[in-house]
Amino acid sequence: MQYPEWIWHNGAIKPWAEATTHVMSHALHYGSSVFEGIRSYDTPKGPAIFRLTDHSRRLFASAKIYDMAIPYSPEQINQACRDVLEANGNTTDYLRPIAYRGLGGFGLSADTPTDVSVATWKMGQYLGASVVDEGIDACVSSWQRFAPNTIPAGAKAGGNYLSGQLVAREARRLGFGEGIALASTGLLSEGAGENLFLVFDGALHTTPISAALLNGITRNTLITLARDAGMEVIERDLPREYLYLCDELFMCGTAAEITPIRSVDGRQVGSGKPGPVTKKMQDLFFGLFDGKTPDKYGWLEPVSA
Ligand code: PMP
């Protein structure tokens with residue numbers, strides 16, 4: 001792993017190695033962190049951070065759920081994202097803002113200071129080279145997502161990713177590209193770190209936020225782009241077997257972008273190749289970054305403001 005030179009940590013750009021935390025930090029013991037994953041892209045108008053404002057809004061929403069005070073404004077976090085990209089001279093990286101309960105008490109309800117950091121690194125294709133073109137083989141995990149009255153899926157919090165790790169590691173161990181989890185209701189939830197879209201008769205179906213999933217910004221982007229293109233999008237509960245029966249299936253997320261799924265649990269999905277609706281959504285989505293899809297909503301936020 002090659003690390004970048006600079007990182008933003010508690011208000012300043014520092015050398016990567018200096019952004020340390022004490023081993024007795026609350027977050028390390030109890031999962032008490034909230035974070036974001038954001039991508040920046042090269043666009044014809046220069047490097048842009050995709051939906052930065054919406055990502056930092058979700059960061060603050062996650063902190064609110066956990067009653068965690070972030071000692072910076074959203075504007076300061078946005079500026080930190082821009083500054084750390086520019087410091088590293090890489091304007092098309094993945095960005096990881098994180099706020100966490102630091103050192104300042106060992107009890108679960110301790111009011112520790114909140115430490116904040118923003119890192120960047122080269123992500124490339126999260127689920128492996130060429131998966132965006134070829135698709136992956138997925139499986140349904142033996143691990144369910146947490147129930148809505150246990151851990152709030154609407155917060156992007158460190159502790160939630162214990163669930164994600166179980167799902168993703170089981171899938172990899174069994175030789176699959178990614179795992180898909182069911183909610184505690186037994187109905188479809190989402191991938192280990194991605195939301196799901198199923199295609200039936202040309203219409204897009206995606207699982208609802210009540211199904212213990214993260215309200216993904218990529219999911220929202222695709223719903224918006226599809227509806228603007230006159231396509232039907234339905235948010236609905238779906239049982240597992242519809243993964244096998246749909247015409248097309250794909251996952252989406254900041255890291256995974258739009259990753260087609262060619263089989264689930266050994267059953268081929270549709271033709272076993274990325275289908276026309278998946279390709280159309282990829283064209284609309286990636287078109288945002290080469291100027292082919294108009295940026296109607298101001299989602300491309302320049303790195304150099
Ligand atoms: N679900 C989970 C569990 C995730 O970790 C992610 C990635 N942040 C997503 C869905 C997709 O969300 P987004 O499109 O905002 O990256």
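**Exercise 1. Find which residues sit closest to the ligand, then pick out the polar atoms that face it.**

Step 1. Start with the ligand's surroundings: 15 residues surround it, and the closest are Tyr 161, Glu 190, Ile 217, Thr 218 and Thr 254. A residue counts as near a molecule or strand if one of its heavy atoms lies within 4 Å of it.

Before you go on, a word on the model. It is predicted, so local features need pLDDT of at least 70 and side-chain atom pairs count only at pLDDT 80 or more, while totals for chains, interfaces and linings use all residues. Residues are numbered from 1 along each chain as its sequence is written, and side-chain values use heavy atoms, with hydrogens and water left out.

Step 2. Now look for polar atoms. Glu 190 places a polar side-chain atom 2.6 Å from a nitrogen atom of the ligand. Arg 58 has a polar side-chain atom 2.8 Å from an oxygen atom of the ligand.

Step 3. Don't forget the backbone: a backbone N or O atom of Ile 217 is 2.7 Å from an oxygen atom of the ligand.

**Exercise 2. Work out how helices α6 and α8 pack, and what kind of residues meet there.**

Step 1. Locate the two helices: α6 covers residues 217–228 and α8 covers residues 276–290. Helices (H or I, at least four residues) and strands (E, at least two) are DSSP runs, numbered from the N terminus.

Step 2. Check the geometry. The angle between α6 and α8 is about 110 degrees, and their axes are 10 Å apart. Axes are lines fitted to C-alpha atoms, for helices over the stretch in contact, and angles run from 0 to 180 degrees between N-to-C directions.

Step 3. Name the arrangement: α6 and α8 are therefore roughly perpendicular to each other. The cut-offs are under 35 degrees for roughly parallel, over 145 for roughly antiparallel, 65 to 115 for roughly perpendicular, and oblique for the rest.

Step 4. List the partners. From α6 come Thr 218, Thr 221, Leu 222, Leu 225 and Ala 226, and they meet Met 281, Leu 284, Phe 285 and Leu 288 of α8. Contact means heavy atoms within 4.5 Å.

Step 5. Sort them by class: the contact of α6 with α8 has seven nonpolar, two polar and no charged residues. Here Ala, Val, Leu, Ile, Met, Phe, Trp, Tyr, Cys and Pro count as nonpolar, Asp, Glu, Lys and Arg as charged, and the others, Gly among them, as polar.

**Exercise 3. Track down the polar contacts made by the side chains of His 9 and Thr 112.**

Step 1. Place His 9 in strand β1. At 5% relative accessibility, His 9 is buried (buried means under 20% relative accessible area, exposed over 50%, partly exposed in between, with a 1.4 Å probe and protein chains only).

Step 2. Follow the His 9 side chain to the side chain of Lys 14, a polar contact at 3.0 Å. A polar contact is a pair of N or O atoms within 3.5 Å; within protein, one must be able to donate a hydrogen and the other to accept it, and residues adjacent in sequence count only if both atoms are side-chain atoms. Not counting residues up to four places away in sequence, His 9 also touches others, including Glu 18, Tyr 100 and Val 116.

Step 3. Move to Thr 112, in the loop between β6 (94–101) and β7 (114–121). Thr 112 is buried too, with a relative accessible area of 10%, and its side chain reaches the backbone nitrogen of Gly 102 at 3.1 Å.

**Exercise 4. Locate Asn 10 and Glu 257, then decide for each: buried or partly exposed?**

Step 1. Check phi. Asn 10 has a phi near 45 degrees, positive in a residue other than glycine. Glu 257 isn't a glycine either, and its phi is about 50 degrees.

Step 2. Place them. Asn 10 belongs to the loop between β1 (6–9) and β2 (12–15), while Glu 257 is in strand β15 (residues 257–264).

Step 3. Compare accessibility: Asn 10 is partly exposed at 32%, whereas Glu 257 is buried at 7%.

**Exercise 5. Describe the surroundings of Pro 47.**

Step 1. Find Pro 47 in the loop between β4 (38–41) and β5 (48–50). Its relative accessible area of 29% makes Pro 47 partly exposed.

Step 2. Leave aside neighbours within four places in sequence, and Pro 47 is in contact with Tyr 41, Asp 42, Thr 91, Pro 302 and Val 303.
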